[in-house]
Amino acid sequence: MTQQAEPHAISDEATGDVAPETTRAPAPQVAHPDGFGAAFCASMAALCAESVVAATVGVLVLLSREHDGLPSGVLLAVAVSLGALLLVVLLSGFVTAAAVMPALALARRAAERRGGPDGWKWTVGAVPVVAACAVAVFGGIAALGSLSPARPLAYLLWWSSLTAVLLPAALVAGVAARRIRENRAGSVARKVTRNGAIAWLAVGAVGATVYGTGLVNVYEPPRLSTSDLAGTWTDGRGGTVRLESHGALVAQGLDNYVWDGTGKDRPKDCDGSGTWTPLPDKGPVQGVSMRIGSCELARDWSLTGTEKEPRIFHEIGKPGSGKKYVLTKVAKGGHGGKNRHRNKHHDAVERSVGSVQREGSDHRGGDEHPDVKGEK
């Protein structure tokens, strides 16, 4: 009959001799000892916070200026906001991979060559270099696509703007990477997200206070009646249309954008008479519908501007292009701009008169020289 030893009767030495590997847990392996993952997440959080706060400020400013209109309805506004947030997250990941992480790598390598730690000063020096390379690459691609490079001031503006956007994200990412390498606790990305949310709430509160107290008013299109639309409207380049109070109109040099079959709208001069009606027929006017049979113009114009300086416009080019053809109402006693046909005729007359004067001066000069020689 065998005796079974109690578990507590087994000595530590015996267990150590039999299976030492079973009593000692292996040391945990760090997946990214260089802090790449933490730096990437911190950079994305910083870029998202910058984008959300900047977009909120832009919307608050847009509310007080002329705009085509914001999404109406709670569901539509929520859908647009979620879509925009998803786009911001994707763009922040792309910018982090394409610019922020290369800037950190450049700063770290430069610090290693000098034999010192990669502190924030190296990051500040590396970000403008990476921003310059990004502007050169994407600016070159855009110039090749359009076959016309931008002006040097535009490239300088892009470089400075990109540097200002990348610098906070790069600094935050550098701090996150150093914390991982130094085995310090805490998540930088979580802190950045929290502080970004606080900043967004603060901006929203300030905006709500400014608009709620009436310090700044939300823009509204001018409230005009049908009689207010009667008068002369000009595009500022010689094209005019006169709206009569009884519903007739007369256009002279008005641009009529016609599809040319190549994907572009090209303007053609429209001269002739037609009709117009307010949109809608009842209540405050929101636009104007014009019909001119001689040049096949049929357009609905939207109303914008102010009550003192109303404007009507319609979109040209592809939908959502942002390009507009705008007409401004001419104040009483004002001028709708010189007629473009009259300008062309006037220029031709000036050129002909100038050539006649030059020919006359040449003849006079030729007659004067013999007299001078004769006197001598």
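This passage describes the salt bridges of a predicted model and the solvent exposure of the residues that form them.

A search of the whole structure identified six salt bridges. Side chains of opposite charge can pair when their charged atoms come close. One of the salt bridges joins E244 and R242, with the closest N and O atoms 2.7 Å apart. Both partners lie in the intermediate class of exposure: E244 is partly exposed at a relative accessible area of 24%, and R242 is likewise partly exposed, at 38%.

A further salt bridge is formed between the side chains of E182 and R184, at an N to O distance of 3.0 Å. E182 has a relative accessible area of 47% and is partly exposed. R184 is also classed as partly exposed, its relative accessibility being 40%.

The salt bridge between R237 and D235 has its closest N and O atoms 3.9 Å apart. This pair is counted because the separation falls within the 4 Å cut-off. The two residues differ in exposure class. D235 is buried, with a relative accessible area of 10%, whereas R237 is partly exposed at 48% relative accessibility. The value for D235 lies under the 20% limit, and the residue is therefore assigned to the buried class. R237 does not reach the exposed class because that class requires over 50%.

The contact between D235 and R237 also belongs to a wider arrangement, in which D235, R237 and D255 are linked in a network of salt bridges.

Note on methods. Residues numbered from 1 in each chain as written. Predicted model: local features only at pLDDT ≥ 70, side-chain atom pairs only at ≥ 80, totals over all residues. Heavy atoms only, no water. Buried < 20%, exposed > 50% of the residue type's maximum accessible area, 1.4 Å probe, protein only.
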